[in-house]
Amino acid sequence: MDKEQDVVAKMREIFPFPEGSIAVQRARRINAEFREGDFDDLFNRTVSAGEFTMLPAISGLDQGDCFAVIYHLAREDGIVLNLKRIVPKEKAEVRSVTRLFPCAELYERELMDMLGIAVNGLSAGRRYPLPEGWPEGQHPLRKDWNKESLDT
Amino acid sequence: MSPLKDVDIAVGPQHPALKEPASFLVSLRGETITSVNVKVGYNHRGIEKATEDRTYLQNLYLLERICGICSHTHATCYVQAVEELAALEVPRRAQYIRMLVGELERLHSHLLWFGVAAHEIGFDTLFMYSWRDRELVMDLLANITGNRVNYSVNTIGGVRRDISAEQAADILKAMDTLEERIKYYINVATEETTLINRLSGVGVLSREDAASLGAVGPTARASGIPRDVRKDDPYCAYAELDFKVCVSDTCDVFGRTVVRLRELQESCSMIRQMLAALPEGPLTVKAPRKVPAGEAFSRYEAPRGEDVHYVRSNGTEKPDRVKVRAPTLANIQAVSKMLEDRFLADLPIVIAAIDPCFSCTDRMVEVRRRGARSRELMSWEELRRHGIEWYRARGVDMGTLSRKYITR
Amino acid sequence: MSLVDTIMTWARIKSPWILHFNSGSCNGCDIEIVASLTPRFDLERFGIIQKGTPRHADVLVCSGPVTRQIEKRLVRIYEQMPEPKFVVAVGTCACSGGVFNGCYNVRGGIDRVIPVSAYIPGCAASPQAIIDGVVKLLESVKGGAAPEAAAPEEDGNG
């Protein structure tokens, strides 16, 4: 898996990933975890140095003690980097990546609706995917949320 | 002469049933669209949250029903992620059966799309013909899986049903007929000037825009981007099959039509290859009830484009998180671009051309005139007819085409 | 008279116009409804015509488990239909919520929101089942006994 290892090496040049936080999981799959530093800089440089031309999805998770936002980046040769950003619950915000990937808009609105993670730099727009009239502060994908919270 | 007033037209929410039916707020100047604002989410059911309360096997039946047209897509994409987490090696015969059902699904889906697109521009004869031919594929699917829709052929670790020699023979016979019919449709699409005029230059999406807006599937391939998950990030046993990625460089609805028709041909060829090389062996490997903790990212080339599933496991019998990004969500964001500076008459076919998951249901259009108090209600049917009449007035008449092609 | 003759007679007397609505389904049933109108199954031979607006519809053919955001729209469409009107719930999730039962954004079946005259189960309901269900409804209407419409239930399931 030379190509995958090359990508990992390039990323290590960009950012001091702690031991064990970046690895080739299998052919065409690299996982990396980010906890602290300048994420936006890492993201921008990874996209260009790693030649990632696609952002098929952004997955938001509630990992219990923290949130996580995974940017699934893909290359033309099929290699996918799952770049997971740990986001503290006390300061749940990230910067929009729509400047590099306009298609990220709906994926980022989903983070806002479903987990309540603020995304800075998004233009004003309608929510997605929850319906109009959905009550404030109700974020379905949080682990402590269940539908009984909705019953009024 | 007073300047033309800008008019806002809201299209939706029950519009060509996108997997997430959308509402389009269209601003018009005269007949020209100046901007389109897309709102999605009407079909949001809360499936991802629901997966956390169901076992991995139960989720297979839930996720299969994200979309009834490409249910095998979602089931397979999901099950691949789970099998990766459980480190299962799926038997080769099962991989081939998965591909077989997947390509049959592509056949029925593209034929469905072709008929719908024809209907949107007023070419109903083609709609009826293509859906009649589609029934051949529906019969095959019902024959080998037991259902016309939601085939449930997958289980964790393999497939639930085998293909017999008789069934294989039935499939090959149907391929003979279908290949003839597909050739006919390609001829019609590429030689009928009326059709070419109607679809060319409509819904243009440049290669750069397709790439930056994240378009996938035939929508991207018709803009010259040769992306296909079966080639780029092969799953099942696609690396063993010989097939072309179908690309066009016309960047318009015509290109999207030709790409899908050619994909029909490729799918028939792949089905023949699979049946000729169908490996012997078991249909499943045993799957554990509890899946070891981990994360997996699975991709699948649905008829509409790339589908992705992300699954996170935590060592229990239920997933910690399942995330799905269906292809239409990626393509819907390019629609605004495609409609810029186009005519209202093009709206139905441009939206249909990204092949949103479809429902031929009532679609109401709210016409909001700036400054007016009340709203007018227009049905999708009226909008569709507006498009047909508008083009007829300019010499592009699908009605005459329909009469020309009725041979029986 | 055979069943088909009876239906043909009824159809000549009053040709039912249907409105097809998706309240949040996976589209499986919707495609099968459309397929019923194509030549192989040909629901139209019973005089059934699909209309684009509720104001001209006799029968609302509805799929889906009713999502929260669609609910008001479904009610509005039902209210816009003139009497006499009938509602057919097509597919398991239209009947009961199906696999989506319990999902937070789903009401759990058409009859949670509007009265339903006929239920056609199946996931998806096949064109044959759809035709069978619609014909049974027409027959019962002709026979003078409209099927007991189930009144909307109190929301117990969210």
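# Exercises on a predicted three-chain model

B:Thr55 is found in the loop between helix H1 (47-51) and helix H2 (56-63) of chain B; helices (H or I, at least four residues) and strands (E, at least two) are DSSP runs, numbered from the N terminus. This is a predicted model, in which local features need pLDDT of at least 70 and side-chain atom pairs count only at pLDDT 80 or more, while totals for chains, interfaces and linings use all residues. Residues are numbered from 1 along each chain as its sequence is written, chains are lettered from A and ligands numbered from 1 in the order in which they are written, and side-chain values use heavy atoms, with hydrogens and water left out.

## Exercise 1. Two loop residues of chain B

Task: State whether B:Thr55 is buried or exposed, and list the contacts of B:Thr55 and B:Glu192 beyond four places in sequence.

Solution.

Step 1. Buried means under 20% relative accessible area, exposed over 50%, and partly exposed in between (1.4 Å probe, protein chains only). B:Thr55 has 10% relative accessibility, so B:Thr55 counts as buried.

Step 2. Contact means heavy atoms within 4.5 Å. With residues up to four places away left out, B:Thr55 touches B:Tyr78, B:Arg289, B:Glu317 and B:Lys318.

Step 3. B:Glu192 sits in the loop between helix H6 (165-191) and helix H7 (193-199) of chain B. B:Glu192 is buried, at a relative accessible area of 6%.

Step 4. Under the same exclusion of neighbours within four places, B:Glu192 is in contact with B:Asn187, B:Leu401, B:Lys404 and B:Tyr405. With B:Lys404 there is a side-chain to side-chain polar contact of 2.3 Å. A polar contact is a pair of N or O atoms within 3.5 Å; within protein, one must be able to donate a hydrogen and the other to accept it, and residues adjacent in sequence count only if both atoms are side-chain atoms.

## Exercise 2. The interface of chain A and chain B

Task: Describe the interface of chain A and chain B by residues in contact, buried area and salt bridges.

Solution.

Step 1. On the chain A side 40 residues are in contact with 34 residues of chain B.

Step 2. About 3,200 Å² is buried between the two chains, and carbon and sulfur atoms give 48% of that area. Buried area is the accessible area (1.4 Å probe) that two parts lose on being put together, summed over both. A:Arg126, A:Tyr128 and A:Leu141 lose the most area to chain B among residues of chain A, together 17% of what that side buries.

Step 3. Between chain A and chain B the count is 8 salt bridges, each a side-chain nitrogen of Lys or Arg within 4 Å of a carboxyl oxygen of Asp or Glu. A:Lys143 forms a salt bridge with B:Glu52, with the closest N and O atoms 3.2 Å apart. The rule also finds 19 residue pairs in polar contact across this interface, both residues at pLDDT 80 or more.

Step 4. S3(A) gives the most to the side of chain A that touches chain B, with 7 residues. By class, that side has 19 nonpolar, 8 polar and 13 charged residues. Here Ala, Val, Leu, Ile, Met, Phe, Trp, Tyr, Cys and Pro count as nonpolar, Asp, Glu, Lys and Arg as charged, and the others, Gly among them, as polar.

## Exercise 3. Salt bridges within chains

Task: Give the N to O distance for the salt bridge of B:Asp133 and B:Arg132, and locate B:Lys183 and B:Glu180.

Solution.

Step 1. Over all chains, the structure holds 56 salt bridges.

Step 2. B:Asp133 and B:Arg132 meet at 3.2 Å, N to O. B:Asp133 is buried, at 4% relative accessible area, whereas B:Arg132 is partly exposed, at 29%.

Step 3. B:Lys183 pairs with B:Glu180 in a salt bridge, the closest N and O atoms being 3.6 Å apart. Both residues lie in helix H6 of chain B, 3 residues apart, about one turn of the helix. B:Lys183 is partly exposed, with a relative accessible area of 46%.

## Exercise 4. Cores and chain C

Task: State how many residues the largest nonpolar core has and how many helices and strands chain C has.

Solution.

Step 1. A nonpolar core is a set of buried Ala, Val, Leu, Ile, Met, Phe, Trp, Tyr and Cys residues joined through side-chain atoms within 4.5 Å. The largest has 171 residues, and A:Tyr71, B:Leu104 and B:Phe123 have the most contacts inside it. Helix H4 (residues 92-120) of chain B gives the most to this core, with 15 residues.

Step 2. Apart from that core lies another, of 24 residues, including C:Ile33, C:Val61, C:Ile120 and C:Ile130.

Step 3. Chain C has 5 helices and 5 strands, in the order α-β-α-β-β-α-β-α-β-α from the N terminus on. Of its 158 residues, 57% count as buried.
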